[in-house]
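Got your viewer open? Let's take a short walk through a few helices, one selection at a time.

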Amino acid sequence: MQLGIIGLGRMGGNIARRLTRAGHSCVVWDRNGGAVSELAGEGMTGAADLADVVAKLAAPRAVWVMLPAGGPTEATVTALAEIMSPGDIIIDGGNSFYKDDIRRAATLEPKGIHYVDVGTSGGVWGLERGYCMMIGGTKGAVDHIDPILATLAPGKGDIPLTPGREGRDHRAEQGYIHAGPAGAGHFVKMVHNGIEYGLMQAYAEGFDILKNKSSTDLPENERYTLNMPDIAEVWRRGSVISSWLLDLTSIALAQNEDLTNYSGEVADSGEGRWTVMAAVEEAVSAEVLTAALYSRFRSRQDHTFGEKMLSAMRFQFGGHVEQKPGN
């Protein structure tokens, strides 16, 4: 299938690579000409600008926008809406706020242009592992791009099937779902990221407690100098708290068990805040997720080993580099 891809950063570029390796045809553009040239050298069709992307696609066109949420995505969707045709599909695969998706879909509907939002999880590992995707939009538009989604998804892998799922949508077992109408995909991904904050915070606090068991504030006979890399490794194997986040934690500790390459200043990219806002709107109690978000705020004032652990996990799964003061 043919697809235009706008935004060739950490995830956009690898999405294009995964699709191309599977035989799909990608027309790519980024304001960074070097990124376009690199992917053109890997068999993709480079474009000079947005209009050139659209011109090089056969109708009905599908264009995947993989840009930062907010202004960059908004401007690109608006520009594409002016040059695309009825029946075409604009896909937002970034981390947009779901209410923006609802508004954009309503704006595009009179033009006959379909809008699909794809909450995309997989970070820098997605090229090889695949991307878990949560999708919002009309059934017709989502079905049309299913060959793209099926290729990007991780597939069943070696994860056992869940008992009792017989007769349910098989796509969930492949690593992607049609969550509902416009905005539903990014809403589900938003809550996913809010949960991610809570899980990361739990690991960070637990390892902080382990690390500080050698504190001189404790009686000498109660102090332990614990091997953090080995603890992370043993918990990966058969433990009830094993997870991919723990796998990444083990990698970070094996590389530098004191995590001195991290300051512990932990950024938040928006989804955690939006999840807490949704909980307030729905009058749903979300103590853990809210506390995890506030911990990230506090991390920008003073730093603990646990916060270095949070930074390490963010770098491992998403390539997120710590922000320096003033950035």
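Start by selecting α10 and α14: in this predicted model, the two helices pack at an angle of about 70°, and their axes are 8 Å apart. That makes α10 roughly perpendicular to α14, because angles from 65 to 115 degrees count that way.

Now show the side chains where the two helices meet. On α10, pick Gly194, Ile195, Tyr197, Gly198, Met200 and Gln201. Across from them, on α14, you'll find Val288, Leu289, Ala292, Leu293, Ser295 and Arg296. Try colouring this contact by class: seven residues are nonpolar, four are polar and one is charged.

Next stop: α15, residues 305-318. How far apart are its end C-alpha atoms? They sit 20 Å from each other, which agrees with the span expected for 14 residues at 1.5 Å a residue.

Is α15 mostly covered or uncovered? Mostly covered: twelve of its 14 residues are buried. Click through some of them, including Phe305, Met309, Leu310, Met313 and Phe317. Charged-looking picks turn up in the buried set too, among them Glu307 and Arg314.

What do those buried residues pack against? Light up α1 (10-21), α10 (184-211), α11 (228-235), α12 (244-255) and α14 (287-298). So you're back with the pair from the start of the tour, since α10 and α14 are both among these partners of α15.

Finish at the two ends of α15. Thr304 caps the N-terminal end, with a side-chain oxygen 3.3 Å from the backbone nitrogen of Gly306. Then jump to Gly319, just after α15, where phi is positive, at about 70°.

How values were computed
Residues are numbered from 1 along each chain as its sequence is written. This is a predicted model: local features need pLDDT of at least 70, side-chain atom pairs count only at pLDDT 80 or more; totals for chains, interfaces and linings use all residues. Side-chain values use heavy atoms; hydrogens and water are left out. Helices (H or I, at least four residues) and strands (E, at least two) are DSSP runs, numbered from the N terminus. The expected span of a helix is 1.5 Å times one less than its number of residues. Buried means under 20% relative accessible area, exposed over 50%, partly exposed in between (1.4 Å probe, protein chains only). Contact means heavy atoms within 4.5 Å. A polar contact is a pair of N or O atoms within 3.5 Å; within protein, one must be able to donate a hydrogen and the other to accept it, and residues adjacent in sequence count only if both atoms are side-chain atoms. Axes are lines fitted to C-alpha atoms, for helices over the stretch in contact, and angles run from 0 to 180 degrees between N-to-C directions. Angles under 35 degrees count as roughly parallel, over 145 as roughly antiparallel, 65 to 115 as roughly perpendicular and the rest as oblique.
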